[in-house]
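I am opening a notebook on a structure that I have not looked at before. My plan is to begin with a single residue, then turn to a pair of helices, and end with the chain as a whole.

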Amino acid sequence: MRSPKQGMEDDLHQRATPTAAAGRRKGTVNREWLVVSDSGRSYHEEVGKHSIMRRTGLPARDLRVLDPLLSYPSTILGRERAIVINLEHIKAIITATEVLVPNSKDPLVAPFVQDLQSRVASSFDAPQHEAAETSVLDGEAIRKSPSCWPSFPSQGMAATHGADISKHNGSLIGDLPEGSHSPGLDVNGDGSTKVLPFEFRALEVCLESTCRCLESETLALEQEAYPALDELTSKISTLNLERVRQIKSRLVAISGRVQKVRDELEHLLDDDMDMAEMYLTDKLANQRVGEISSRVNLDNDASEQEDDRDDEFRVETDSSQESLGVFKPNIEELEMLLEAYFVQIDGTLNKLSHLREYVDDTEDYINIMLDEKQNQLLQMGVMLSTATVVTTAGVVVVGLFGMNIGIDLYNAPYRKFWETTLGTIIGCVILYVLAIGFGKKSGLLQ
């Protein structure tokens, strides 16, 4: 037999278990994400919202932008450790080492995912090959991470070694034959080339896919709109008018989407701070170099207490820390990338503007034709009204003769009847001609 105390404990445990289980189920609502790392490896992972927030350093309000149940306009957000992309059907979180795609199973997103995987994989192979050739030229083994960390000048031996690598890479890539394509490479102003950071390569794929999607929709709309508009000008019918109405509705919707993407790119190009926030790889590398310099500084301070021979090295370390205090990347690289796609999306918007002008011109032409038809109907109404008035005058004459009044004309020969009838008809015609002539002379009729 159980004791009363043991029975009460079991009862409380049974009551608390469903509540705890429900809380676990509520707190562990996971979502499947496609993860594409900077090494080209991709896999699906089920993680929760809080895990993504800890992983990327994003607040909850930024994750709402990627919620498929909520409607947000096209947005590009640069944060401390990640870039949030919401462009049309493309939703992604870009960090310095990976890309997280929430809706990877969407058929519209499948081409973007394939392009992203192939681009990242090909960009990962190119730096590995260049690193091997550079190590042969340097005479030592150079170990590089897959994300291709950029070098930082004036940072001691690590910076000098990074500058040598960039120099060798520039000489190697500069010897490529014309027409060859090296993915993930950017040409500097001095003619040398370097590998773009991982986040910029992923951002370029997002922008390219968005521009390609909007461009294809614009071309499809143009191929359908111009023949429909030409057919409407040749034959105005209810069916043709309905087709043009649907085309105009699609044109307004696509123009709004393209305009929003263009405004977002223009906003980024106008704000240097937002562009500087998107240099994730440089910020991460700058942080790592700062940590190394801090450790070196601590070691030097400990050794200075025993021996004061390293005063000169301590001054140099302090100056390097001061240079790391403020992170100001060169935004020209990102600016050139955004300007290229800004020009492309602006060209798409110009096509839509030309199509809108053609629709407006066609609408004006249709209105002119309808006004002309309306004027013709009004003229016909005026002519019929005039004929009615003249006929009424003849009816008045007939009514006068139909009155029961004795006159000599009733006793006249039979030919007098025809003379009177013909005279009445001719008088009505003369009145009608005079009325129409007066209308044309006064400009009421054409």
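**One residue, two helices, one chain**

I looked up Thr-218 and found it in helix α6, which covers residues 198–234. I keep in mind that this is a predicted model.

Is Thr-218 buried or exposed? I noted a relative accessible area of 1% for Thr-218, and since the cut-off for buried is under 20%, Thr-218 is therefore buried. Leaving aside residues up to four places away in sequence, I listed what Thr-218 touches, and the list reads Ile-254, Thr-348, Lys-351 and Leu-352.

I turned next to helix α7, residues 238–270, and helix α11, residues 332–401, whose axes come within 9 Å and cross at roughly 150°. Because angles over 145 degrees count as roughly antiparallel, I entered α7 and α11 as roughly antiparallel to each other. I also recorded that the crossing in which α7 passes α11 is left-handed. Sorting the contact of α7 with α11 by class, I wrote down 16 nonpolar, eight charged and three polar residues.

Finally I stepped back to the chain, for which I noted 12 helices and eight strands. The chain has 446 residues, of which 35% count as buried. Among contacts in the chain with a separation of 6 or more, I found that 66% are between residues 24 or more positions apart. My last entry is the exposed area of the chain, about 27100 Å², of which carbon and sulfur atoms supply 57%.

Terms used:
Residues numbered from 1 in each chain as written. Predicted model: local features only at pLDDT ≥ 70, side-chain atom pairs only at ≥ 80, totals over all residues. Heavy atoms only, no water. Axes fitted to C-alpha atoms, helices over the stretch in contact; angles between N-to-C directions. Helix = DSSP H or I, 4+ residues; strand = E, 2+ residues; numbered from the N terminus. Parallel < 35°, antiparallel > 145°, perpendicular 65-115°, else oblique. Left-handed = near helix turned anticlockwise from the far one by under 90°. Nonpolar A, V, L, I, M, F, W, Y, C, P; charged D, E, K, R; others polar. Buried < 20%, exposed > 50% of the residue type's maximum accessible area, 1.4 Å probe, protein only. Contact = heavy atoms within 4.5 Å. Areas by Shrake-Rupley, 256 points an atom, 1.4 Å probe, with all protein chains shown as cover.
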